[in-house]
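Please examine the fold shown below with its sheets, its ligand and its backbone conformation in mind. The explanation moves from the sheets to the ligand and then to individual residues.

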Amino acid sequence: MEVKDRPLKLYFIPYLAAGHMIPLRDIAQFFASRGHLVTIITTPSNAQHLNQSHNFRLQTFPFPSQEVGLPDGVENMTAVTDLDKSYRINAATMLLRQPIESFVEQDPPDCIVADFLYPWVHDLANKLRIPRLVFNGFPLFSICAMESVKTLSIHSSGPFAIPDFPHHITMKSSPPKESREFLEPLLTTALKSDGFIINNFVELDGEEYLRHYERTTGHKAWHLGPACLARRTALEKAERGPKSVVSMQECVSWLDSKRVNSIVYVSFGSFCYFPDKQLYEIACAMEASGYGFIWVVPEKKEKEEEKEEEKEKWLPKGFEERNGEKVMIIRGWAPQMIILNHPAVGAFLTHCGWNSTVESVAAGVPMITWPVHTDQFYNEKLITQLRGIGVEVGSEEWNPYCFFEREKLVGRACIEKAVRRIMDGAYESLQIRRRAKEFGETARQAVEEGGSSYNNLTALIDYLKRLRNSDAFFGLSTEFNGVDLSGSL
Ligand code: UDP
């Protein structure tokens, strides 16, 4: 093999949250499946959840539990239930900078792919003259919206139209100042990288947004998703993130007993904790709609007796007796990909976290959208207004971050109405379902040989090889995983 053709050596540094780690691990698998040498850099407890495939290696560094005051083994946003602890996880990620930097400096790769929540990777990559790609888990449509919103006053509030945008999109409220102050500097640092990796396929974001982004920022974006489609077997689909509290078999046999498209899947991602009164509204709305549903409710309490007491606050009296076989409540982590891909599931009531959204699209399942924070309000517009594969529940309150108690409730009448619009089999619902199925088909084609994301990955690999082989690249290494590769050149 000629030097210029030898496999790329890539380091992936995912952020310590399920919504960042799961997709970046899957994108790493896309590279590894093309024969490239992939290392994922993380901490020991997170490494256990990465479902190591034979074709990538894990490099771990101890999580600084004592320094940040977290119990042993709590190393991910998914494992914490309040704002204070989430800040501690974030503080820990900052302390990981030094050991990761020394590791990378000692054994530099051909490219670093890091979450945008690690802006320091920019200086490291510059120092070593290594290409750096960034990932933040948002679709390009929403990154474009955030770039446009940068031009608005940080103090603006109330409804607004996204300025200088390919489509006329009106938002019912403005992103909170805290959220913009946090995100915008990170996006600006991301623009200095060699490109964004996007967990989406270009057909869903739209070519016009790719062109708009590249024209207005001069920055490159590579659509490589949906990342979830890197997982081919049922087991790979079931084992993502923490261990599920229900088995794949239990979910599948429950769903097998239901009619096609008859069940609503209700889940708000890995760290969205609604107040009890909001959960109560959801329970009442779903019961009134008459449709069966799987409801994932994150567990806030640890002791069994506290869990029972807590349940009385958000579940109407007699709910379980009345609804029996119609409802499956999952208190904790659910095997989402298994559920979404079952034919009985006819809709997904989602917080529009991008992973959940693109997983629903890939499964051909229409959505009932209920955004809570960050990119989710823009993601909703892409799904409902632009692509017509979902309906809005009417969520307007834009939280500064996760773990914030929301003040405004979404009432049961709005929830029930939105559920019926997707599930009732009338003309509108059939049209939405048809488009959702078509996008599901396009998503699957995108990652197959010759598909748009597949071709983008080929182009990106060629680009990285050209950079490596050019004079600009100094970090050339002939060693991987303790193996000298020079013999194979
Ligand atoms: N997820 C899951 N089971 C759960 C909750 C979440 O498998 O019970 C996965 C989900 O499939 C997605 C990720 O966790 O891949 C959540 O990411 P998303 O962007 O949807 O939301 P976030 O949790 O980041 O708000």
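The paragraphs that follow describe a predicted model, beginning with a sheet and ending with single residues.

A natural starting point is the open sheet of six strands, whose order is 12-11-10-13-14-15 and whose pairing is parallel. Strand 12 (327-330) and strand 15 (390-392) form the edges, each of them pairing on one side only. From one strand to the next, the twist averages 15°.

Within this sheet, strand 10 (residues 263-267) can be followed towards both of its partners. On one side, strand 10 runs parallel to strand 11 (residues 292-296), and four bridges join the two. V266 has W295 as its bridge partner in strand 11. Strand 10 also pairs with strand 13, again in the parallel sense, over five bridges. Here Y265 has F348 of strand 13 as its bridge partner.

Strand 13 (residues 345-350) deserves attention for its burial: six of its six residues are buried, and the strand is described as mostly covered. Beyond its pairing with strand 10, strand 13 is joined to strand 14 (residues 367-369) by three bridges in the parallel sense. One bridge in this pairing places T350 opposite T369 of strand 14. The connection between these two strands passes through helix 17 (residues 354-362), and strand 13, helix 17 and strand 14 together make a right-handed β-α-β unit. Another helix, helix 19 (residues 412-423), lies across strand 10, strand 13, strand 14 and strand 15. Relative to strand 15, helix 19 runs at about 165°.

Which elements give two or more residues to the shell around the ligand? The shell itself consists of 18 residues, of which the closest to the ligand are G19, G269, S270, G353 and S356. The elements that contribute two or more residues are helix 1 (18-33) and helix 17. Helix 17 provides the largest share, with four residues. The helix of the β-α-β unit between strand 13 and strand 14 is thus also a contributor to the ligand shell. Sorted by class, the shell contains nine polar, seven nonpolar and two charged residues.

A second β-α-β arrangement is found earlier in the chain. Strand 4 (residues 111-115) and strand 5 (residues 132-135) run parallel and are joined by four bridges. In this pairing, V113 stands opposite L133 of strand 5. Between the two strands, the chain passes through helix 6 (residues 121-128), and the resulting β-α-β crossover is right-handed. Strand 5 is covered on both faces: R132 and V134 on one side are buried, as are L133 and F135 on the other.

V134 of strand 5 leads on to F196, since V134 is among the residues in contact with F196. F196 is placed in strand 8 (residues 196-198). Is F196 buried or exposed? The cut-off for burial is 20 or more other C-beta atoms within 10 Å; F196 has 23 C-beta neighbours inside 10 Å and therefore counts as buried. Leaving aside neighbours within four places in sequence, the contacts of F196 are V134, I143, A190, H219, A221 and W222. F196 also shows how separated parts of the chain are brought together: F116 is 80 residues away in sequence, while the C-alpha to C-alpha separation is 9.3 Å.

The backbone conformation remains to be considered. Most peptide bonds are trans, and most residues other than glycine have a negative phi. Against this background, the peptide bond from G225 to P226 is cis, with omega near 0°. P226 lies in the loop between strand 9 (221-223) and helix 11 (234-238).

Positive phi values occur at D164 and N261. At D164, phi is near 45°, and the residue lies in the loop between strand 6 (160-161) and strand 7 (170-171). D164 is exposed, because 11 other C-beta atoms lie within 10 Å, and the limit for an exposed residue is 12 or fewer. At N261, phi is near 60°. N261 belongs to the loop between helix 12 (248-256) and strand 10, and so returns the reader to the sheet in which strand 10 takes part. With 18 C-beta neighbours inside 10 Å, N261 counts as partly exposed.

Note on methods
Residues numbered from 1 in each chain as written. Predicted model: local features only at pLDDT ≥ 70, side-chain atom pairs only at ≥ 80, totals over all residues. Pairing = 2+ DSSP bridges. Right-handed = clockwise from strand over helix to strand, strands pointing away. Near = placed C-beta within 6 Å. Nonpolar A, V, L, I, M, F, W, Y, C, P; charged D, E, K, R; others polar. Axes fitted to C-alpha atoms, helices over the stretch in contact; angles between N-to-C directions. Contact = placed C-beta atoms within 7 Å.
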